[in-house]
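Reader: I have the sequence and the model open side by side. Could you take me through the nonpolar core and the aromatic residues around it?

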Amino acid sequence: MKIDETEIKNRQRKLSDSELKEIGKRIRKRRVKQGWSIYQLAERSNLSYNHLDKIENGKGSFTLAVLKDVARALGASYDYIVEGKLISEDIVPEDTLELLERCSDSDYRFINRVIIAVLELKNMDDGDKKY
């Protein structure tokens with residue numbers, strides 16, 4: 001499959017200032033939700049305080065590896081950090097995604113337990129694996 005020149009340019013483009021600010025906002029939002037200081041997240045993601053502060057304020061440059069480290073430290077997906085998507089809309093209906101975005105961490109843990117219970121009940125007679 002041949003990639004055209006426009007596609008190559010799109011893949012190589014730098015993020016816009018507004019995209020950088022949105023990424024920074026999502027990182028800060030998730031960090032605050034975890035109850036962490038910027039120093040704690042910097043330590044957990046192996047970044048300096050200054051670098052992370054610039055990223056959160058949409059003024060720092062970063063590599064994909066840095067974003068992956070930050071996402072991993074936050075327990076967030078790379079998609080969430082970069083695009084703000086918790087889960088792909090291809091899999092989960094949009095209204096469900098909107099509801100999930102309003103959930104706290106304890107809500108997520110509860111939802112996870114409910115899903116596990118439903119899957120276990122569904123598979124109880126089938127002898128399928130437990131979750």
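Author: Sure, here's the core, then a couple of its neighbours. A quick note before that: this is a predicted model, so local features need pLDDT of at least 70, side-chain atom pairs count only at pLDDT 80 or more, and totals for chains, interfaces and linings use all residues. Residues are numbered from 1 along each chain as its sequence is written, and side-chain values use heavy atoms, with hydrogens and water left out.

The protein chain has eight helices and zero strands (helices are DSSP runs of H or I with at least four residues, strands are runs of E with at least two, and both are numbered from the N terminus). Of its 131 residues, 27% count as buried, where buried means under 20% relative accessible area, exposed over 50% and partly exposed in between, using a 1.4 Å probe and protein chains only.

Now the core itself. A nonpolar core is a set of buried Ala, Val, Leu, Ile, Met, Phe, Trp, Tyr and Cys residues joined through side-chain atoms within 4.5 Å. The largest one here has 20 residues, and Ile27, Leu41, Leu52, Phe62, Val70, Leu74 and Ile81 have the most contacts inside it. Helices H2 (17-34), H3 (38-44), H4 (49-56), H5 (64-74) and H6 (78-83) each give two or more residues to this core. H5 gives the most, with six.

Click on Phe62 next. Skipping residues up to four places away in sequence, Phe62 touches Leu15, Leu20, Ile23, His51, Ile55 and Leu67; contact means heavy atoms within 4.5 Å.

Then try Arg31, which sits in helix H2. Arg31 is buried, at a relative accessible area of 9%. Leaving aside neighbours within four places in sequence, Arg31 is in contact with Trp36, Ser37, Ile38, Leu41, Glu56 and Leu74. Trp36 also has Arg44 over its face, at 4.0 Å from the ring centre (the rule asks for NZ of Lys or CZ of Arg within 6 Å of the ring centre and within 35 degrees of the ring normal).

As for ring pairs, the count comes to one. Rings of Phe, Tyr and Trp (its six-membered ring) pair if their centres lie within 6.5 Å, and planes under 30 degrees apart count as stacked, over 60 as edge-to-face and the rest as tilted. Tyr39 and Tyr49 have ring centres 4.5 Å apart and planes at 15°, so they're stacked. The pair links distant parts of the chain, with Tyr39 in helix H3 and Tyr49 in helix H4, 10 residues apart. Tyr39 is exposed at 54% relative accessible area, while Tyr49 is partly exposed at 30%.
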